[in-house]
Protein chains: 2
Amino acid sequence: MATIIVSQNASVHEDAQALRNAFQGWGTDEKAIISILGHRNEFQRKQIRQAYEELYQEDLIKRLESELSGDFEKAVYRWILDPADRDAVLANVAIKKAETDYHVIIEISCILSPEDLLAVRRAYHCRYKRSLEEDVAAHTSGDLRKLLVALVTAYRYAGHEINERLAKSEADILSDAIKDKAYNNEEVIRILSSRSKAQLIASFNRYRDEHGTSITKNLLGDSDVGTLQKALHAAIRCISDPRKYFEKTVRNAIKGNGTDEDALTRVIVTRAERDLKDIKELYYQRNSVSLDHAVAKETAGDYKAFLLTLLGKED
Amino acid sequence: MATIIVSQNASVHEDAQALRNAFQGWGTDEKAIISILGHRNEFQRKQIRQAYEELYQEDLIKRLESELSGDFEKAVYRWILDPADRDAVLANVAIKKAETDYHVIIEISCILSPEDLLAVRRAYHCRYKRSLEEDVAAHTSGDLRKLLVALVTAYRYAGHEINERLAKSEADILSDAIKDKAYNNEEVIRILSSRSKAQLIASFNRYRDEHGTSITKNLLGDSDVGTLQKALHAAIRCISDPRKYFEKTVRNAIKGNGTDEDALTRVIVTRAERDLKDIKELYYQRNSVSLDHAVAKETAGDYKAFLLTLLGKED
């Protein structure tokens, strides 16, 4: 379930005017921006962008970029985009880092529905005049590249039918590869990138039944865990339990010295209208402290206020 | 340009009734079937299927399958399907041959527009409850599999922008791979499967400018040409000049002892509403005999009559 508290009787034109007022005069009224955009759903935000453009002949997104800064700006920018376009931006930012942040590519390709992944690939074309797979391939290499390109180009069957015989034989292939530490085995990549999610989950269950341990645990059993292993591990978790995957992602983003704002923003912004409530529950179960509390402790200012609003805090 | 002569004032209900009449009584009236379906465009054929189902509570396609046989049945069956569904069937048939007919997979993935290829992948899901890439991967192996899976999962950027610097560097990569006979070079597959068609054509042109010979010619320069080389050759031809590719495909299908009816039917049925007129012109230029004449010589009966109708013969 979603966390954001959506205002049902908001007027699109009033919202556009209120945002315009927030930009004008001396300094920007960040509180007003948060109280409006933090309580509007995807559809309302799109309408506000259109109304703002019509009223003021100005692109709301560009204006927000010029008015805001830092992590707050990034969070608002991601929030105001359509989901497919937002994921295209997240993917592009992740690809262009000095070392490609493969987690983002794996999340997009393994958590989104097959149709939603196509929508991201289409949005990527519009925005960057190149294909997503083209850019992934250009910025990665070796086995990681093979895995990421295969995942991002997949258009999995989305039905629920399961072939039990296949689940058994492919659980065996996965098991043999892990035993032999042959993580770059072609068959492993083929299975993870082409089978339907239902079929893969059946194979992972079969694996656990036969070995008494989950595939994700066995995969990280070595003392020296390489990048490919970590990427395979992330892909399997994204396919089998996205919410647990996200809980761990925010946990890692918050814990220790320094916060990983990019990861924290990404999880909250992309999941606030989907399943952030469930992720919050998992977080509480695992850490005995609420996610709101943890976020409040690790962040500050407008950025903090905005994240807490998306997390469902009443004004 | 298309070849079929479409009847503009046909009535969908009359067509459905006339087909029903053609099925009834002693024997089937194949001539009536050809004179109706051979002169209806994609949209009309779809409407006839729907009208027939409503009028007679019977699936027209199933009925046609039970009434017709042999190459004629196959040709009518392919013709009556929606293009994306037809390509899904063609791909499935090609995959399931004792040795996968990679030409069909390459045609679909390199000639269709990126959006049309997605439509085929979607139709494949509906029909077979699996993904196209899943089946391609399961029925092929080694380097050919790498190439086919990469091509079939591509969603190329469809714009016309060209990066000349990239065209130069990738023409060099292709050239080095051919010189070294490293046809399974990862970079070769990456380039062919991820770049936009406009960009690839720029790279092939660059290749020809630098070497004085086309990449397709150099690729088949060896005396002993392997499957992967042939497949790469087909992919490059499909990307750079689909019509010339199809001209050669029909030429090969017809020439010598015995006709390759599958290939002949495939080219005529899939191109009759698109560019079969251009393919016919190329055929005449190359062979000094009209394609209609050649097809008439190599085929017989209803199959011949149907192909000639799709080729634009007046009744």
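# Reading charges, rings and chains

Analyst: Let's begin with a charge and a ring: Arg45(A) lies over the face of Trp79(A), 3.7 Å from the ring centre. Keep in mind as we go that this is a predicted model.

User: Thanks! And in chain B, at what distance from the ring centre of Trp79(B) does Arg45(B) lie?

Analyst: For a charge over a ring, look at the distance from the ring centre and at the angle to the ring normal. In chain B, Arg45(B) lies over the face of Trp79(B), and the distance from the ring centre is 3.7 Å.

User: Now for salt bridges. How many are there over all chains?

Analyst: To find one, look for a side-chain nitrogen of Lys or Arg within 4 Å of a carboxyl oxygen of Asp or Glu. Counted in this way, there are 62 salt bridges over all chains.

User: Let me try one. How far apart, N to O, are Lys146(B) and Glu186(A) in their salt bridge?

Analyst: Their side chains meet at 3.5 Å, N to O. This pair joins two chains, because Lys146(B) belongs to helix H10 (residues 142-153) of chain B and Glu186(A) to helix H12 (residues 186-194) of chain A.

User: Is Lys146(B) buried, partly exposed or exposed? And what about Glu186(A)?

Analyst: Read the relative accessible area: under 20% is buried, over 50% is exposed, and partly exposed lies in between. Lys146(B), at 34%, is therefore partly exposed. Glu186(A) has 38%, so this residue is partly exposed too.

User: Which residue forms a salt bridge with Glu134(B)?

Analyst: The partner is Arg195(A), with the closest N and O atoms 2.8 Å apart. This bridge also crosses between chains: Glu134(B) sits in helix H9 (residues 132-139) of chain B, while Arg195(A) is in the loop between H12 and helix H13 (197-211) of chain A. Both Glu134(B) and Arg195(A) are buried.

User: Arg190(B) and Glu187(B) form a salt bridge as well. How many residues apart in helix H12 are they?

Analyst: In a helix, compare the positions along the chain. Arg190(B) and Glu187(B) are three residues apart in helix H12 (residues 186-194) of chain B, so about one helical turn separates them. Their closest N and O atoms are 2.7 Å apart. Arg190(B) is buried at 11% relative accessibility, whereas Glu187(B) is partly exposed at 22%. Bridges that share partners build one network, whose members include Glu187(B), Arg190(B), Arg195(B), Glu134(A) and Lys146(A).

User: What about rings? How many aromatic pairs does the structure hold?

Analyst: There are 10 over all chains. One of them is Tyr124(B) with Tyr128(B), a tilted pair at 4.6 Å centre to centre with 50° between the planes. The two tyrosines are four residues apart in helix H8 (residues 114-128) of chain B, about one turn of the helix. Tyr124(B) is buried, with 0% relative accessible area, and Tyr128(B), at 18%, is buried too. In chain A, ring pairs link Phe23(A), Tyr52(A) and Tyr56(A) into a cluster.

User: Finally, how do I read a whole chain? How many helices and strands does chain A have?

Analyst: Chain A has 20 helices and zero strands. For overall shape, compare the radius of gyration with the globule rule: chain A has 21 Å, which agrees with the value near 20 Å for a compact globule of 315 residues. The C-alpha atoms fill a box of roughly 65 × 45 × 40 Å along the principal axes. Of the 315 residues in chain A, 52% are buried. Chain A exposes about 14000 Å², of which carbon and sulfur atoms supply 47%.

Terms used: Residues numbered from 1 in each chain as written. Chains lettered and ligands numbered in written order. Predicted model: local features only at pLDDT ≥ 70, side-chain atom pairs only at ≥ 80, totals over all residues. Heavy atoms only, no water. Buried < 20%, exposed > 50% of the residue type's maximum accessible area, 1.4 Å probe, protein only. Phe/Tyr/Trp six-rings, centres within 6.5 Å; stacked < 30°, edge-to-face > 60°. Lys NZ or Arg CZ within 6 Å of the ring centre and 35° of its normal. Rg over C-alpha atoms; globule rule 2.2 N^0.38 Å. Areas by Shrake-Rupley, 256 points an atom, 1.4 Å probe, with all protein chains shown as cover.
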